[in-house]
Amino acid sequence: MILPIYLYGADVLRKEAAEADITKKEEILSLVSDMKETLKQADGCGLAAPQVGVSRRIVIVDGSDLSDSYDYLADFRRTLINPVVTEESEDECTYSEGCLSVPGIYAEVRRPSKITVEYYDEKFEKVTETFDKFACRMVQHELSHLDGRLFTDDVAPIRRKLIAKKLLAIAKGKIQTRYKSK
């Protein structure tokens with residue numbers, strides 16, 4: 001089922017998400033399935049459960065549509081349940097980011113260039129994985145949602161001032177999206 005994507009200004013996007021109860025496997029897998037369908041329809045590369053109104057620590061990333069630019073992402077699809085960053089590099093890199101919850105806004109954001117994350121996959125097996133390059137960016141962006149943070153929180157102060165009116169318009173619902181939104 002395609003779920004509505006909550007937009008900037010929605011309370012659920014600013015709350016720290018609770019851990020998913022991994023004993024409720026069917027419930028989690030149903031949500032993950034809906035999130036995948038929603039992500040595909042919205043033409044995005046990542047989605048966190050809070051973005052569909054569910055305050056749980058679940059994210060999905062799918063870099064396959066970006067493989068023209070980043071060939072190493074051709075088969076990059078992950079579901080991260082209750083992810084925890086266990087290590088991050090001191091080296092940082094800057095990429096322009098956008099977000100389905102903040103439509104039409106893109107900005108440069110600095111983040112660690114490599115992270116290691118411990119999480120449960122869709123088979124509910126514990127995984128420890130290190131991410132780098134654009135895969136790392138995608139994962140970090142989605143993990144921020146689980147802590148109630150949006151990429152716009154991490155942009156340079158001057159850029160934040162420049163996008164303030166657009167953010168206000170989104171919060172007031174004065175924007176149209178090509179996907180189901182709330």
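**View 1. Leu29, a partly exposed residue of helix H1.** With a relative accessibility of 34%, Leu29 counts as partly exposed, because that class takes in values between the 20% limit for buried and the 50% limit for exposed. Please keep in mind, here and in every view that follows, that this is a predicted model. Leu29 belongs to helix H1, which covers residues 25-42. If you look from Leu29 to Tyr70, you span 41 residues along the chain, and the C-alpha atoms of the two are separated by 28 Å.

**View 2. Tyr70 in an aromatic cluster.** Tyr70 shares one aromatic cluster with Tyr72, Tyr95 and Phe134. Across the whole structure, a search finds four aromatic pairs. Take Tyr95 and Phe134: their ring centres are 5.2 Å apart and their planes meet at 85°, so this pair is edge-to-face. Because Tyr95 is part of strand S4 and Phe134 is part of helix H2, the pair ties together parts that lie 39 residues apart in sequence. In general, a pair of aromatic rings is described by the distance of the centres and the angle of the planes.

**View 3. Phe134 and Lys133, two neighbours in number.** Is Phe134 buried or exposed? Phe134 is buried, with a relative accessible area of 13%, because buried means under 20%. For Lys133, turn to the ring of Tyr72: the charged end of Lys133 sits over that ring, 4.7 Å from its centre. Tyr72 is also a member of the aromatic cluster that includes Phe134.

**View 4. Strands S4 and S5 side by side.** In what sense do S4 and S5 pair? They run antiparallel, and seven bridges link them. A hairpin of two residues leads from S4 to S5. To find your way along the pairing, start at Glu92, which stands opposite Pro112 in S5, and then go on to Cys93, which faces Arg111 in S5. As a general guide, side chains in a regular strand alternate between the two faces of the sheet.

**View 5. The largest pocket.** This pocket holds about 520 Å³ of space. Its lining is made of 23 residues, and Gly44, Cys45, Gly98, Cys99 and Tyr106 are the closest to the centre. Strand S4 (92-99), strand S5 (102-112) and helix H2 (133-146) each supply at least two residues of the lining. Which of the elements gives the most? That is H2, with five residues. Sorted by class, the lining of the largest pocket has 10 nonpolar, seven polar and six charged residues.

**View 6. The second largest pocket.** Here the space comes to about 370 Å³. How many residues line this pocket? There are 18, and those nearest the centre are Val85, Gln140, Leu143, Ser144 and Asp147. Strand S3 (77-88), S5 and H2 each provide at least two residues of this lining, and S3 gives the most, with five. The lining of the second largest pocket has seven nonpolar, three polar and eight charged residues. You have met S5 and H2 before, since each of them also supplies at least two residues to the lining of the largest pocket.

Conventions: Residues are numbered from 1 along each chain as its sequence is written. This is a predicted model: local features need pLDDT of at least 70, side-chain atom pairs count only at pLDDT 80 or more; totals for chains, interfaces and linings use all residues. Side-chain values use heavy atoms; hydrogens and water are left out. On a 1 Å grid over the protein atoms alone, a cavity is a set of points where a 1.4 Å probe fits but cannot get out, and a pocket is an open set with protein on both sides within 12 Å along at least five of seven lines; lining residues have an atom within 4 Å of a point. Grid points are joined across faces, edges and corners, and a volume is the space filled by probe spheres set on the points. Helices (H or I, at least four residues) and strands (E, at least two) are DSSP runs, numbered from the N terminus. Ala, Val, Leu, Ile, Met, Phe, Trp, Tyr, Cys and Pro count as nonpolar, Asp, Glu, Lys and Arg as charged, and the others, Gly among them, as polar. Two strands pair if DSSP finds at least two bridges between them. Rings of Phe, Tyr and Trp (its six-membered ring) pair if their centres lie within 6.5 Å; planes under 30 degrees apart count as stacked, over 60 as edge-to-face and the rest as tilted. Buried means under 20% relative accessible area, exposed over 50%, partly exposed in between (1.4 Å probe, protein chains only). A charge sits over a ring if NZ of Lys or CZ of Arg is within 6 Å of the ring centre and within 35 degrees of the ring normal.
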